[in-house]
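Today I'm looking up aromatic rings. I want to find out how they pair up and where charges sit over them.

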Amino acid sequence: MAGVPAPRPLLGAVLLLFVSAAWGSAFPLMKDLIHRLPVEDLLAERYLLAALTLLLIRPRCLRGLPRETWVNGAILGIMFGIGQTAQAVALHGLPSAVSGFAVGCSVVITPILALLIHKARVQTRIWYGVVFALAGMTAFTLMRGVEEHEISMIALAATLAAAALYSGHTLMLGQISKQRAFHPYALTAIQLATIGLTTGVAGARDGITLPASAPDWLLLAHLSVVSCALGFLARSYGQAHVPAIPSAVLMSSQPVFVALIAVIWFHEQLGWSMVVGGGLMAAAMLLAVPARATTPEKERAPGRRELLDVSRRAARVLTDLRVKREEPPGPGAEPATILAKSACVDTASCPWHTRSLKGGGEPSLERLIERATLIVRARNLPGPGCCRSVTLLGRCLCALMEESEHRRTESSARWFGTK
């Protein structure tokens with residue numbers, strides 16, 4: 001699929017919420033699997049299996065792709081893969097609540113990067129959504145208590161760097177989705193494979209450990225197919241309909257789905273932190289959903305300032321055209337044919353008279369408007385004298401004038417005849 005149709009914000013919001021739900025479902029499963037598999041190995045396996053799944057569904061999706069798609073997919077994959085590796089390595093030096101809050105800071109980093117890099121204007125309600133999302137993230141992580149664990153500043157810095165990479169990933173994907181040659185399916189497959197290779201570099205130091213039991217393989221299948229393959233694919237299509245900053249706010253609702261899964265499946269007790277965090281996240285999501293399809297500023301109709309600039313340039317061009325520049329003919333060149341003013345017998349009755357003849361003069365904007373006005377009023381002007389003009393334009397216009405006059409006369413006679 002090359003290109004995405006006109007933006008549909010509601011569809012994009014639903015897809016991005018599915019991304020949050022798919023990624024949220026991965027958290028409790030990974031929390032169980034990392035007791036039996038190294039985190040780096042688990043990341044490499046799930047992303048490579050996800051890329052293989054997409055390629056098995058559409059084996060020819062990578063054929064005939066432009067080079068730009070390959071480059072963009074590789075860059076996106078490297079950014080996300082480095083972020084995943086840094087987050088996984090930093091887990092050993094941070095409590096899980098602090099790690100989750102630091103990663104959730106990407107919802108604040110995204111609009112800041114958009115202001116610094118793209119000079120983007122962020123609406124006030126989107127800023128409110130960012131604040132509510134950050135407050136909800138705080139309620140879901142820090143308010144639930146931090147276990148006794150020494151906090152490593154290096155691990156915290158690495159996790160915040162990962163959050164910045166996730167924000168850059170969101171902004172870059174938002175820019176790519178605006179291009180005409182946008183291949184979301186192929187782009188998703190390329191970046192998933194790149195993420196798998198990037199995370200596999202960290203896991204290949206001491207060998208790759210595979211799941212040892214069938215239930216573990218089922219958990220890995222869910223992480224690969226639902227959380228990665230379908231999640232990243234929905235994100236690629238969803239960000240084509242929702243701008244980058246609202247997309248980051250919508251995807252920050254991942255803790256809501258983590259809490260729901262923990263309460264429904266693992267029978268975890270519902271606490272005030274979940275209620276408060278869920279309410280704040282719901283408010284953030286409502287503020288982040290675009291009210292209607294918006295077009296980028298570059299594609300909007302030019303504003304008053306742009307129109308004034310265009311009018312000034314047009315005035316300068318017309319001023320240059322009003323002055324007849326005399327250029328000496330080249331050697332051997334024949335002189336240009338100039339039609340005399342007597343070419344039109346009755347010049348007073350011709351609305352365009354000599355200015356429509358070659359060499360007769362350069363019409364100004366005011367003259368063009370005046371000429372158009374007289375042509376519109378052609379039915380009130382006599383035509384015989386003017387129709388003897390030697391120019392094709394003059395004869396055609398006079399013929400139209402006579403035809404208009406003839407039709408007006410016939411309609412008048414028919415009207416009065418029926419009375």
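I started with the cluster: ring pairs join Trp 23, Tyr 47, Phe 80, Tyr 166 and Phe 232 together. I'm keeping in mind that this is a predicted model.

Next I wanted the total. How many aromatic pairs does the rule give? I get a count of five.

I then took one pair, Trp 23 with Phe 232. Their centres are 5.5 Å apart, with 50 degrees between the planes, and the pair is tilted. I noted that Trp 23 is in helix H1 (residues 9–33), while Phe 232 is in helix H9 (residues 214–238). That puts the two 209 residues apart, so this pair links distant parts of the chain. Are these two buried or exposed? Both Trp 23 and Phe 232 are buried.

On to Phe 80 and Tyr 166. Why do I call this pair tilted? The ring centres are 4.9 Å apart and the planes stand at 35 degrees, so it gets that label; stacked would need planes under 30 degrees apart. Phe 80 belongs to helix H3 (residues 67–90) and Tyr 166 to helix H7 (residues 153–176), so the pair ties together parts 86 residues apart in sequence. I checked burial here too: Phe 80 is buried, and Tyr 166 is as well.

Last, I looked for charges over rings. Arg 46 lies over the face of Tyr 47, a ring from my cluster, at 5.2 Å from the ring centre. I also found Arg 58, whose charged end sits over the ring of Tyr 185, 4.5 Å from the centre.

Conventions: Residues are numbered from 1 along each chain as its sequence is written. This is a predicted model: local features need pLDDT of at least 70, side-chain atom pairs count only at pLDDT 80 or more; totals for chains, interfaces and linings use all residues. Side-chain values use heavy atoms; hydrogens and water are left out. Rings of Phe, Tyr and Trp (its six-membered ring) pair if their centres lie within 6.5 Å; planes under 30 degrees apart count as stacked, over 60 as edge-to-face and the rest as tilted. Helices (H or I, at least four residues) and strands (E, at least two) are DSSP runs, numbered from the N terminus. Buried means under 20% relative accessible area, exposed over 50%, partly exposed in between (1.4 Å probe, protein chains only). A charge sits over a ring if NZ of Lys or CZ of Arg is within 6 Å of the ring centre and within 35 degrees of the ring normal.
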